[in-house]
Amino acid sequence: MKYATRLFVLVIAALAMTGSPAAAQATIYGDVTKDWASQKDLLVKIANAMPDDKIGFKSTPAQRSYGEQILHIAQVNMALLGVVGGKTPAPAVNLKATTKADMIKAMADTFDYGTAVLKEFDNTTIQSTVQQPFGMGPATRARVFFFIIAHTQDIYGQMAVYLRLNGVVPPASQRP
């Protein structure tokens, strides 16, 4: 084991034994809120990474285009955010956008909507049960948000392939 790796393991073990103040204050609501904000940042970056003239690129004819992937995220975000029981009015999202800028705006607006809805809850109410769509049954609000994040991670992976097929390194893989 390399020295740096051993040192890292020892530091983590020491923190675990003494109790980290940050870990002691972690909440489900806090985790959802941080992950939601991080996800928006990641998806906006990857959506912007494809050159404008390649927004219609498809990896195969049967697949969604890059732009359609962006709009798919917006569509699913809106569908799932609608079940968490927020009172914030849903924004008008242009799911038929045709320009890269409008597609990214539509997707970003859904993340902003999710942020507004999240602010209506706290650590107790984020754990309340709601009915998920698509026959998924009852789940906590937190689970719905984490499901959306998982879905967007799936689409991120597809978009990363599209970028690489066009000679572009995905933002999360770029190194200084």
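Biologist: How many salt bridges does the structure hold?

Modeller: Four salt bridges, and keep in mind that this is a predicted model. To call one, look for a side-chain nitrogen of Lys or Arg within 4 Å of a carboxyl oxygen of Asp or Glu. Take D112 and K40: their side chains meet with N to O at 2.6 Å. That pair links distant parts of the chain, 72 residues apart, with D112 in helix 5 (residues 100-118) and K40 in helix 3 (residues 28-49).

Biologist: Which salt bridge pairs residues four apart in helix 3?

Modeller: That's D41 with K45, bridged at 3.1 Å, N to O. Being four residues apart in the helix, they're separated by about one helical turn. Helix 5 has a pair like this: D109 and K105 are also four residues apart, and their closest N and O atoms are 2.6 Å apart.

Biologist: Is D109 buried or exposed?

Modeller: Here you need the cut-off: buried means under 20% relative accessible area, exposed over 50%, and partly exposed lies in between. D109 has 18%, so it counts as buried. Its partner K105, at 48%, is partly exposed. In the helix 3 pair, D41 is partly exposed at 39%, and K45 is partly exposed too, at 45%. As for the long-range pair, D112 comes in at 37% and K40 at 24%, so each is partly exposed.

Biologist: And what does H72 touch?

Modeller: Leaving out residues up to four places away in sequence, H72 touches R64, H151 and I155. With R64 there is a side-chain to side-chain polar contact at 3.3 Å. H72 sits in helix 4 (residues 66-81) and, at 14% relative accessibility, counts as buried.

Conventions
Residues are numbered from 1 along each chain as its sequence is written. This is a predicted model: local features need pLDDT of at least 70, side-chain atom pairs count only at pLDDT 80 or more; totals for chains, interfaces and linings use all residues. Side-chain values use heavy atoms; hydrogens and water are left out. Helices (H or I, at least four residues) and strands (E, at least two) are DSSP runs, numbered from the N terminus. Buried means under 20% relative accessible area, exposed over 50%, partly exposed in between (1.4 Å probe, protein chains only). A polar contact is a pair of N or O atoms within 3.5 Å; within protein, one must be able to donate a hydrogen and the other to accept it, and residues adjacent in sequence count only if both atoms are side-chain atoms. Contact means heavy atoms within 4.5 Å.
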